[in-house]
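Me: I am new to this structure. Please take me through it in short steps.

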Amino acid sequence: QTVTINCPLPTGGFSQSVSGNTVTLTDQSGNNPNQWYWWISDGNSYTTQNVTHTFAQAGTYTVCLTSYNSCGFDSTCQTVTIACPQVTAGFSSTSSGLTASFTAQSTANPTGWVWDFGDGTFSSQQNPTHSYAQSGTYTVCLVADNGCDADTTCQTVTINCPLPTGGF
């Protein structure tokens, strides 16, 4: 008598959901896999069933999943595209005397700021306050960077320090 044992190989499959620089990879393999190996073309790999991975920069990447069960394995690959959110630098300012306060109003969630106050001084704070040595008109520039894109904007800022009026 012949006995046939049916041992179906896994059928690899997954879905992807991209948000910013992060992709969520969800296993959809068939035939009950019990091990997974994810390979991502940026040099990372994982052995969990589902993966959330953040890419360092925008680009097109290959993601492969190999699903295993007691009968064998199956592999499948997909392309993941990470778009670079475009930064638009912007800011507002207020001043009192020789001191000016700057508020970054850039888009695309910047994580880095470089301010040039137009008098030879700089800051990397998000919302700096700066004291000028004298009254005048200064060109203030902001570079906003989200790790993927950067943008620069400049504005003219007038600093007026009213002279005291004498009296007795």
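Me: Which residues have the most contacts inside the largest nonpolar core?
Reply: This is a predicted model. Its largest nonpolar core holds 16 residues. Those with the most contacts inside it are Phe102, Trp115, Tyr132 and Val140.

Me: Which element gives the most to this core?
Reply: β9, β10 (112-116), β13 (136-145) and β14 (150-159) are the elements that give two or more residues to the core. One of them leads with four residues. That element is β13.

Me: How many residues are in the other core?
Reply: Another core lies apart from the one with Phe102. Its members include Ile40, Val51, Leu65 and Val80. The count is 13 residues.

Me: Which side chains of β9 point to the buried face?
Reply: Strand β9 covers residues 99-104, and its side chains alternate. Thr99, Ser101 and Thr103 point to one face and are not buried. The other face is the buried one, with Ala100, Phe102 and Ala104.

Me: Which residues from β10 and β13 that have the most contacts in the core does Phe102 touch?
Reply: Leave out residues up to four places away in sequence. Phe102 then touches Phe91, Ser92, Ser93, Phe117, Asn127, Pro128, His130, Tyr132 and Val157, among others. Its list also includes two residues with the most contacts in the core, Trp115 and Val140.

Me: Which residue of β9 stands opposite Thr94?
Reply: Strand β8 (residues 91-96) pairs with β9 in the antiparallel sense, over six bridges. Two residues lie between the strands of this hairpin, and Gly97 there takes a positive phi near 65°. Opposite Thr94 in β9 stands Ser101.

Me: Which residue of β12 stands opposite Thr99?
Reply: β9 also pairs with strand β12 (residues 129-131). That pairing is antiparallel and has three bridges. Opposite Thr99 in β12 stands Ser131.

Me: Is His130 buried or exposed?
Reply: His130 lies in strand β12. Its relative accessible area is 9%. Buried means under 20%, so His130 is buried.

Me: What is the length of the polar contact between the side chains of His130 and Asp119?
Reply: Not counting residues up to four places away in sequence, His130 touches Leu98, Thr99, Ala100, Phe102, Phe117, Asp119 and Thr121. With Asp119, a polar contact joins the two side chains. Its length is 2.8 Å.

Me: Which side chains of β3 are buried?
Reply: Strand β3 spans residues 35-40, with alternating side chains. Gln35, Tyr37 and Trp39 point to one face and are not buried. Pointing to the other face, the buried ones are Trp36, Trp38 and Ile40.

Me: Which residue in β6 is the bridge partner of Tyr37?
Reply: β3 and strand β6 (residues 59-69) run antiparallel. Six bridges join them. In β6, the partner of Tyr37 is Thr66.

Me: Which residue takes a positive phi in the hairpin of β3 and β4?
Reply: Three bridges join β3 to strand β4 (residues 44-46), and the two run antiparallel. Trp39 has Ser45 as its bridge partner in β4. The hairpin has three residues between the strands. The residue with a positive phi, near 100°, is Gly43.

Me: Which strands stand at the edges of the open sheet of four strands?
Reply: The order of this sheet is β11-β10-β13-β14, with antiparallel pairing. An edge strand here has a single partner strand, so one side is left without a neighbour in the sheet. The edge strands are β11 (122-123) and β14.

Me: Which residue of β13 stands opposite Val114?
Reply: β10 and β13 run antiparallel. Five bridges join them. Opposite Val114 in β13 stands Val143.

Me: What is the radius of gyration of the protein?
Reply: The protein has zero helices and 14 strands. The globule rule gives 15 Å for 168 residues, and the model's value is well over that, so the protein is more spread out than a compact globule. The C-alpha trace spans about 120 × 25 × 20 Å along its principal axes. The radius of gyration is 28 Å.

Me: What share of the residues counts as buried?
Reply: The accessible surface comes to about 9900 Å², with 47% belonging to carbon and sulfur atoms. The protein has 168 residues. The buried share is 30%.

Note on methods:
Residues numbered from 1 in each chain as written. Predicted model: local features only at pLDDT ≥ 70, side-chain atom pairs only at ≥ 80, totals over all residues. Heavy atoms only, no water. Buried < 20%, exposed > 50% of the residue type's maximum accessible area, 1.4 Å probe, protein only. Pairing = 2+ DSSP bridges. Rg over C-alpha atoms; globule rule 2.2 N^0.38 Å. Areas by Shrake-Rupley, 256 points an atom, 1.4 Å probe, with all protein chains shown as cover. Core = buried A, V, L, I, M, F, W, Y, C linked by side-chain atoms within 4.5 Å. Contact = heavy atoms within 4.5 Å. Polar contact = N/O pair within 3.5 Å; in protein donor to acceptor, adjacent residues only side chain to side chain.
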